[in-house]
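Colleague: I've got a model open and I'd like to learn how to read it. Could you walk me through it, one feature at a time?

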Amino acid sequence: MKTKTTDVLILLLTIIFILACTLVSVQAQTATQQPQTPDATQMQTTQAPNLQTELGLTPDQIQKWRALNQELRPQEVAGNLKVREAKRALAEAMEASSPNEDLIKQRAKEFADAQSAMTQLQALRQARVLQILTPDQRIKLREIRERNQALRRGNQQQNVNGLNQRQQQRLKRQKCSPAQSG
């Protein structure tokens with residue numbers, strides 16, 4: 001009777017250990033698959049209220065800002081989708097079992113055109129935002145952008161250092177793997 005209880009307990013502990021190792025592995029894979037930084041439009045959306053407050057926008061300026069967002073948002077969404085689709089099509093063309101160079105060139109041009117359209121749209125947005133602002137607010141905006149750019153550079157450096165953390169997680173998963181087979 002004690003032997004059956006002990007066997008069941010050992011089996012249960014083994015299953016728990018395997019599940020724990022699997023969970024660690026899945027979490028590590030999910031962490032590496034998720035983007036570390038949000039895309040530019042998400043960043044603009046979440047930063048807009050803070051930016052409006054920091055710049056001290058008037059109600060009229062806020063209204064113009066919102067109208068600009070309403071006007072350009074559909075174009076940004078469509079443009080981002082087009083960039084993603086063009087990038088995927090280019091990757092598929094490059095990774096084909098027998099790559100067609102003409103098709104790769106065409107897909108690369110489509111990708112470059114989609115990126116160019118997004119760059120133009122971003123420049124248009126920036127120019128229109130600047131038209132809404134006073135000269136003092138423009139200076140303040142430049143300072144905020146420089147500060148954010150410095151923060152992004154710091155985050156990128158942390159992401160590079162984070163590679164070491166991923167390597168440590170990989171080692172932990174490998175340590176769990178031999179126990180699973182035994």
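Modeller: Sure, we'll take confidence, a helix, a glutamine and some salt bridges in turn.

Colleague: Confidence, then. What does the chain average in pLDDT?

Modeller: Keep in mind that this is a predicted model. The chain's mean pLDDT is 79, and 64% of the residues score at least 70. Go carefully around residues 30-46, where pLDDT stays under 50. For that stretch the model has 11 contacts beyond four places in sequence.

Colleague: Now helix α3. How far does α3 reach from its first C-alpha to its last?

Modeller: Set the end-to-end span against the expected one. Helix α3 covers residues 59-94, 36 residues, and reaches 51 Å, close to the 52 Å expected at 1.5 Å a residue.

Colleague: Where does α3 bend?

Modeller: At Leu-72, by about 40°, and a proline, Pro-74, follows within four residues. Leu-72 is also one of the buried residues of α3, a list including Gln-61, Trp-65, Glu-76 and Asn-80.

Colleague: Let's try a single side chain. Is Gln-137 buried or exposed?

Modeller: Buried means under 20% relative accessible area, so Gln-137, at 8%, counts as buried. This glutamine lies in helix α5, residues 135-181. Next, see what surrounds the side chain: Gln-137 touches Leu-55, Gly-56, Leu-57 and Gln-61, leaving aside residues up to four places away in sequence. One of its side-chain polar atoms lies 3.3 Å from the backbone oxygen of Gly-56.

Colleague: And charges? How many salt bridges does a search of the whole structure find?

Modeller: Seven. For each, ask how far apart the partners are in sequence. Arg-147 pairs with Glu-54, with the closest N and O atoms 3.0 Å apart. Arg-147 lies in helix α5 and Glu-54 in helix α2 (residues 40-55), so this pair ties together parts 93 residues apart in sequence. Arg-147 is partly exposed at 40% relative accessibility, and Glu-54 is partly exposed at 33%.

Colleague: Which salt bridge has partners three residues apart?

Modeller: Arg-107 and Glu-110, both in helix α4 (residues 101-132), about one turn of the helix apart. Their N-to-O distance is 3.5 Å. Asp-113 and Lys-109 meet at 2.9 Å, N to O, and they too lie in α4, four residues apart. Lys-109 is exposed, with a relative accessible area of 52%, whereas Asp-113 is partly exposed at 40%.

Colleague: Which residues are joined into one network by salt bridges that share partners?

Modeller: Arg-73, Glu-76 and Arg-125. You've met Glu-76 already, among the buried residues of α3.

How values were computed. Residues are numbered from 1 along each chain as its sequence is written. This is a predicted model: local features need pLDDT of at least 70, side-chain atom pairs count only at pLDDT 80 or more; totals for chains, interfaces and linings use all residues. Side-chain values use heavy atoms; hydrogens and water are left out. pLDDT is the predictor's confidence in each residue, from 0 to 100. Contact means heavy atoms within 4.5 Å. Helices (H or I, at least four residues) and strands (E, at least two) are DSSP runs, numbered from the N terminus. Buried means under 20% relative accessible area, exposed over 50%, partly exposed in between (1.4 Å probe, protein chains only). A polar contact is a pair of N or O atoms within 3.5 Å; within protein, one must be able to donate a hydrogen and the other to accept it, and residues adjacent in sequence count only if both atoms are side-chain atoms. The expected span of a helix is 1.5 Å times one less than its number of residues. The bend at a residue is the angle between axes fitted to the seven residues ending there and the seven starting there. A salt bridge is a side-chain nitrogen of Lys or Arg within 4 Å of a carboxyl oxygen of Asp or Glu.
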